[in-house]
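This briefing introduces a structure to a reader who has not met it before. Please view the sequence and the model together.

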Amino acid sequence: MLFFQKENKLFIFKKLYGKSGRAKGTLRFFREKLQRRNVTKDIKHYEDCEQLFLSVGRAYTVTALLHFFGMAGIDDPPQNHLCPYDVIHGDGDKLEYLNAVLDKFVDEYLLPKTQVDLDLNEASDDSPDQVREYSLCLLRFFFILECIRQAVKSGNGDQLAALRKVLLKHFKSDPSHNTYAIEMLISILQDEVFLTKRQAHQT
């Protein structure tokens, strides 16, 4: 699975790295801003590229959450999706509230329909649609990579099996990664056909 983690990073950087560091909010912009010279599009230094992407992804996640809750800063009280009175005072179902709010966040920021033909490397302040497209794609890829990292760390075979199917779709969407899409499909079929449920969970 570590091999596909690296291929996922290659796919991410090809989609999001960009040609210019002037487009604010892009990976290339933060690479120049933070002077991460080891971060390059061909990912010669995997750890450095991963750390930059994870840092930017976490920053985007915080920004998205602030926007979602209508907060100007992390110390401001939320204006949207407020916690119900009964939950605040311990009478309501906190888990139900959290699940409902997180579902709304996922629907708005991680599952919206996007135009795959937009050139994400050309996002600029003058093209708000492309800026939004770039931001949503970066968030989506960040959560995919973070889920892979956490699933590998915890040995969660069921989650890894689901993530392989997600990766298959993303690899298939890029002609230069069709080979990896085929490898991912083979991996999925092997788990389904040749392995017991327990063995598949351990892969």
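The points below treat the nonpolar core and then two helices.

The model is predicted: local features need pLDDT of at least 70, side-chain atom pairs count only at pLDDT 80 or more, and totals for chains, interfaces and linings use all residues. Residues are numbered from 1 along each chain as its sequence is written, and side-chain values use heavy atoms, without hydrogens or water.

**Nonpolar core**
- The largest nonpolar core (buried Ala, Val, Leu, Ile, Met, Phe, Trp, Tyr and Cys residues joined through side-chain atoms within 4.5 Å) has 42 residues, of which Leu16, Leu27, Phe53, Tyr109, Leu138 and Phe141 touch the most other members.
- Helix 6 gives the most to this core, with 11 residues.

**Helix 3**
- Helices are DSSP runs of H or I with at least four residues, numbered from the N terminus.
- The 23 residues of helix 3 (residues 46–68) should span 33 Å, at 1.5 Å times one less than the number of residues, and the end C-alpha atoms are 32 Å apart, which agrees.
- Among the buried residues of helix 3 (under 20% relative accessible area, 1.4 Å probe, protein chains only) are Cys49, Phe53 and Tyr60.
- Just after helix 3, Gly70 takes a positive phi of about 70°.

**Helix 8**
- In helix 8, Ala181, Met184, Ser187, Ile188 and Asp191 are buried.
- These residues cover an arc of only 120° around the axis (taken from the directions to the C-beta atoms), which puts them on the same side of helix 8.
- The face turned away from the buried side of helix 8 carries Thr179, Ile182 and Val193, which are exposed (over 50%).

Terms used. Helix = DSSP H or I, 4+ residues; strand = E, 2+ residues; numbered from the N terminus.
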